[in-house]
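Reader: I would like a close look at one part of this structure, the place where the metal ions sit. Please take me through it slowly, and then go on to what surrounds it.

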Amino acid sequence: MTDWGTRAAVLLEELSRCSEPGLGVTRLPFTPEHRAAIDLLSERMEQAGLEVALDAAGTLIGRKEGPAGAGTFLMGSHQDSVREGGAYDGIMGVVLPLIALEKLKAGGTELPFSVEILAFADEEGVRFPTALIGSRALAGSFDPAVLEMTDRDGISLRDALSGFGLTPDGIGQLARGPGDVIGFLETHIEQGPVLEREDEAVGIVTAICGIERHQISVIGETGHAGTLPMEGRRDALVGAAALVTEVNRMARATPDLRATVGALTVEPNVVNAVPRAVRLTAEFRSPDDETRSLAGENLHRFAHALAQESRLQITCTRTYQQKAQPCAAELSECLKDASRHARTRALSLPSGATHDASAMADLCPVAMLFVRCRNGVSHTPEEFASASDMGVAIDVLAHFLKSVR
Ligand code: GLV
Ligand code: MN
Ligand code: MN
């Protein structure tokens, strides 16, 4: 008898090698590593009897055609990782529904609707200061202005897409008609400690938190570290340090707010010169959209006051936001039933991470299935979900697909 969980683990291990060299998995969108993942997934989708296509936003689509006019159920997640990330975040949500379709096929089940497995190019927003490119394209909420955003090497999203053989100006035509789409189900590693604490393999997500990201530039004046008097220095890193401290202070003082400065570059970045320029990111997350946007506004106010008192030039731009999103009640109930069928307690929990499902909610009802994650860690090479927990999730997905309509 096939061990479906182990089959998923083997494929995920192969996909984890589609990575830049170094610690963990680094697979950014529109790169050779992304191409390698597309090639491997395409092969497996074709073997599973799916028709494979790559859309203009770089979303890999595997489609199993059902009866005409019966609508399409969508499942999937993102292929990209953070830098030095794990082998499960995102990509597991492509692999598990694919294996669930293999399992249904092996059991001779024909679904009464069409199904698509989607591997979105970019959810993490690590390469470009935007995210959810593929899911927003399908939902019709893609903003073409983001095509001009650049990565840290100065390559625009437009050029990255073209260089990958895609047609950026075709993204606007990818929006799906809500009439054809039955729903979207995203399976994802939990990225937190709840399921492990509860000793449960899977759980059902109630809502996905909202998020916003800012790019901040602090410009001062460099000079010799030994000869420039301390009085009157315009040290950009000292200004950036005040911003980092304020971002952290805000989140500590505000219930339900998470805030992080995760990336920072310093120029000239040498031991014996005063820092001239610092660029940093700030990210706020909350299940409450007002709490989150207030934090963003407060940061901009703080930066403005700091610029005046420190004689630094500070610019602060919000580059990305996605509102908090509850999961659809009816679809989530169906997922709970399927989870009970797979002999789990069908626990519910919220998501502090963001997901493609929050963008897909503009198109159709969405639900999310979380899979237990070892030690509650994610966005690190230590991220791990066991083959047996993935086997339970595959079982849930197969039951879900048999009962969703
Ligand atoms: C992305 O998945 C995030 O939550 O950072
Ligand atoms: Mn993810
Ligand atoms: Mn992630």
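## The metal site and its surroundings

Author: Keep in mind that this is a predicted model. The residue to begin with is Asp-89, which counts as buried at 6% relative accessibility. Buried here stands for a relative accessible area under 20%.

Asp-89 coordinates two metal ions, the manganese ion (ligand 2) and the manganese ion (ligand 3), and these two ions are 3.5 Å apart.

Take the manganese ion (ligand 2). Its donors are His-78 through NE2, Asp-89 through OD and His-188 through NE2, at 2.0 to 2.2 Å. Along the chain, these donors follow the spacing H-x10-D-x98-H. The two histidines link distant parts of the chain, with His-78 in strand β3 and His-188 in strand β5 (residues 181–189), 110 residues apart. His-78 is buried, with a relative accessible area of 0%. His-188 is buried as well, with a value of 1%.

Now the manganese ion (ligand 3). Asp-89 (OD), Glu-124, which is listed with two OE contacts, and His-379 (NE2) coordinate this ion at 2.0 to 2.6 Å. In sequence, the donor residues are spaced D-x34-E-x254-H. Asp-89 lies in the loop between β3 (72–78) and α3 (92–106), while Glu-124 lies in the loop between β4 (114–120) and α4 (133–139), so this pair ties together parts that are 35 residues apart in sequence. Glu-124 counts as buried, at 6% relative accessibility.

The loop with Asp-89 runs between β3 and α3, and α3 is the next element to follow. The axes of α3 and helix α11 (residues 387–403) come within 9 Å and cross at roughly 60°. The two helices are therefore oblique to each other, and α3 passes α11 in a right-handed crossing. On the α3 side the contact includes Met-92, Leu-96, Pro-97 and Ile-99, and on the α11 side it includes Met-390, Ala-393, Ile-394 and Leu-397. Lysines take part too, with Lys-103 from α3 and Lys-402 from α11 among the contact residues.

Helix α11 has another partner, helix α1 (residues 4–16), and these two pack at an angle of about 115° with their axes 7 Å apart. That angle makes α1 roughly perpendicular to α11. Here, too, the crossing is right-handed, with α1 passing α11. The contact is made by Trp-4, Gly-5, Thr-6, Ala-8, Ala-9 and Leu-12 of α1 and by Ala-387, Met-390, Gly-391 and Ile-394 of α11. Met-390 and Ile-394 of α11 are thus found in the contact with α1, and they are also listed in the contact with α3.

That leaves the charged side chains. Side chains of opposite charge can pair when their charged atoms come close. A search of the whole structure finds 25 salt bridges, and a few serve as examples.

One of them joins the side chains of Glu-13 and Arg-17, at 2.6 Å from N to O. Glu-13 is partly exposed, with a relative accessible area of 42%, and Arg-17 counts as exposed at 58%.

Another is formed by Arg-345 and Glu-200, whose closest N and O atoms are 3.7 Å apart. Arg-345 lies in the loop between α9 (329–341) and β13 (347–351), and Glu-200 in the loop between α6 (194–198) and β6 (202–208), so the pair ties together parts that are 145 residues apart in sequence. Arg-345 counts as partly exposed, at 45% relative accessibility, whereas Glu-200 is buried at 8%.

A further example stays within one helix. Lys-336 forms a salt bridge with Glu-333, the closest N and O atoms being 3.6 Å apart. Both residues lie in helix α9, three residues apart, which is about one turn of the helix. Lys-336 counts as buried at 17% relative accessibility, while Glu-333 is partly exposed at 41%. Salt bridges can also share partners, and in this way Arg-63, Glu-65, Glu-116 and Arg-176 are joined into one network.

To return to the starting point, Asp-89 coordinates both manganese ions, ligand 2 and ligand 3.

Note on methods:
Residues numbered from 1 in each chain as written. Chains lettered and ligands numbered in written order. Predicted model: local features only at pLDDT ≥ 70, side-chain atom pairs only at ≥ 80, totals over all residues. Heavy atoms only, no water. Donors = N, O, S within 2.8 Å, 3.2 Å for Na, K, Ca; no water. Helix = DSSP H or I, 4+ residues; strand = E, 2+ residues; numbered from the N terminus. Buried < 20%, exposed > 50% of the residue type's maximum accessible area, 1.4 Å probe, protein only. Salt bridge = Lys/Arg side-chain N within 4 Å of Asp/Glu carboxyl O. Axes fitted to C-alpha atoms, helices over the stretch in contact; angles between N-to-C directions. Parallel < 35°, antiparallel > 145°, perpendicular 65-115°, else oblique. Left-handed = near helix turned anticlockwise from the far one by under 90°. Contact = heavy atoms within 4.5 Å.
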